[in-house]
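Reader: I am in my first year and would like to look closely at a single part of this protein, the charged side chains that pair with one another. Could you take me through that part slowly, and then show me how its surroundings compare?

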Amino acid sequence: MTSSPARIFGLRTILVIVFAFLYIPIAVLVALAFNQGGLPTVWSGFSLKWYASLAGNAAILSAALNTLIVALVSTAIATLLGTLLAIGVEMRRQYGSGLEALIFAPMIIPDIVLAVALLSFFSMLDFTLGLHTIILAHVVFNLAFVCSVVRARLKSFDWSIVEASADLGASAVTTFRRVTLPVILPAVVAGALLAFTLSVDEFIIAFFTAGAGRASTTLPMQIYSMIRFGITPEINALATIVMAVSITALTLSQRLNRGVIGQ
């Protein structure tokens with residue numbers, strides 16, 4: 001059944017409106033990050049001075065370093081555990097909806113609920129809050145995303161080659177390193193990039209599980225503390241950098257994941 005020209009025009013109009021609603025504010029933010037003047041409503045010329053100002057801001061640099069540490073460490077742990085979890089679940093081959101719910105619960109539970117639960121858990125164990133608790137919290141929800149991406153690749157994995165490797169005398173470690181890992185590596189990298197992106201952007205859980213002081217302040221927390229006094233071109237520049245890093249990592253993850261699903 002072919003659509004009428006009027007219907008096609010209407011659908012395209014709706015699509016344009018939706019994309020405009022989504023991306024015009026982002027385009028304005030990026031443009032104002034390069035505005036020479038400090039007024040958000042007046043364009044005074046192209047300038048990079050706000051990025052230079054960020055480079056000299058000790059609080060922002062400290063928060064950026066904390067964010068990088070949290071993202072890298074939590075991504076490494078979540079990637080390892082998520083990959084092993086995905087392999088274990090798929091090797092079992094028979095699992096119920098209860099196991100699925102347990103694995104993907106951190107992806108579904110609202111951030112505020114997960115943040116309160118983690119804070120209560122750390123308080124019960126008498127943990128001193130800091131970067132280490134933020135890292136553990138990020139591992140909790142990142143693990144589910146990594147597991148989901150790796151499992152998508154394992155759905156089409158031929159387990160007979162693992163059995164053949166074992167029959168030929170290879171150990172479990174050798175089989176994983178030389179047979180399983182090369183096949184699922186694109187999915188592992190895609191999951192790691194997705195986890196890194198989520199960790200860089202995450203605010204609510206980090207806010208609840210961070211300790212007091214600058215030592216455990218992440219970049220999203222720093223942006224929030226700055227924005228309470230009003231939006232400045234410096235905040236726009238900082239938000240543009242964070243967005244560029246996130247989009248780059250997410251794009252790489254999607255490209256790798258698209259290749260994984262297509263195999």
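Author: What follows begins with the whole chain, moves to the paired charges, and then turns to a few other places in the fold.

Please keep in mind throughout that this is a predicted model. The protein is made of 11 helices and has zero strands, so that, by the way such elements are assigned and numbered from the N terminus, one can speak simply of helix 1, helix 2 and onward. Taken along the principal axes, the C-alpha atoms fill a box of roughly 70 × 65 × 30 Å. Of the 263 residues, 37% count as buried, and the surface that the protein exposes comes to about 14,900 Å², with carbon and sulfur atoms supplying 71% of it. Among contacts between residues at least 6 apart in sequence, 74% join residues at least 24 apart.

Now to the charges. The protein carries 14 positive and 10 negative side chains, and the centres of these two sets lie 10 Å apart. How many salt bridges are there? The count comes to two, and E90, R151 and K155 are linked by them in a network.

Consider the pair of E90 and R151, whose side chains meet in a salt bridge with an N to O distance of 2.8 Å. E90 lies in helix 3, which covers residues 58-92, while R151 lies in helix 6, which covers residues 131-154, and so this pair ties together parts that are 61 residues apart in sequence. Both E90 and R151 are buried.

The other partner of E90 is K155, and here the closest N and O atoms are 3.4 Å apart. This pair, too, links distant parts of the chain, for E90 sits in helix 3 and K155 in the loop between helix 6 and helix 7 (160-167), 65 residues apart. Is K155 buried or exposed? K155 has a relative accessibility of 52% and therefore counts as exposed, since the word is used for values over 50%. E90, by contrast, has a relative accessible area of 7% and is therefore buried, a word kept for values under 20%. The network thus joins a buried glutamate, E90, to a buried arginine, R151, and to an exposed lysine, K155.

It is useful to set E90 beside another glutamate, E234, which is found in helix 11 (residues 233-262). E234 is also buried, yet it has no salt bridge, and the nearest side chain of opposite charge, K49, is 11 Å away. Because a salt bridge requires the nitrogen and the carboxyl oxygen to be within 4 Å, it is understandable that K49, at 11 Å, is not counted as a partner of E234. What the side chain of E234 does make is a polar contact with the side chain of S53, at 2.6 Å. Leaving aside residues up to four places away in sequence, E234 touches W50, S53, L54, N57 and M226.

The surroundings of E234 can be followed a little further. P233 also lies in helix 11, and with a relative accessible area of 9% it is buried. Not counting residues up to four places away in sequence, P233 touches L32, A33, G37, G38 and W50. Although P233 and F34 are 199 residues apart in sequence, their C-alpha atoms are 7.9 Å apart in space. L32 is found in helix 1 (residues 5-32) and counts as buried at 17% relative accessibility. L32 and E234 are 202 residues apart in sequence, and 9.4 Å separate their C-alpha atoms in space.

A polar contact between two uncharged side chains can be seen elsewhere, at T175 in helix 8 (residues 172-201). T175 is buried, with a relative accessible area of 5%, and its side chain makes a polar contact with that of S165, at 2.9 Å. Among the residues that T175 touches, not counting those up to four places away in sequence, are V162, A166 and A170.

One last place concerns the backbone. Most residues other than glycine have a negative phi. D126 is not a glycine, but its phi is positive, at about 60°. D126 is placed in the loop between helix 5 (111-124) and helix 6, and with a relative accessible area of 67% it is exposed.

Methods. Residues are numbered from 1 along each chain as its sequence is written. This is a predicted model: local features need pLDDT of at least 70, side-chain atom pairs count only at pLDDT 80 or more; totals for chains, interfaces and linings use all residues. Side-chain values use heavy atoms; hydrogens and water are left out. Helices (H or I, at least four residues) and strands (E, at least two) are DSSP runs, numbered from the N terminus. Buried means under 20% relative accessible area, exposed over 50%, partly exposed in between (1.4 Å probe, protein chains only). Lys and Arg count as positive and Asp and Glu as negative; His and the chain ends are not counted. A polar contact is a pair of N or O atoms within 3.5 Å; within protein, one must be able to donate a hydrogen and the other to accept it, and residues adjacent in sequence count only if both atoms are side-chain atoms. Contact means heavy atoms within 4.5 Å. Accessible areas come from the Shrake-Rupley method with a 1.4 Å probe; for residues, only the protein chains shown count as cover. The place of a charge is taken as NZ of Lys, CZ of Arg, CG of Asp or CD of Glu.
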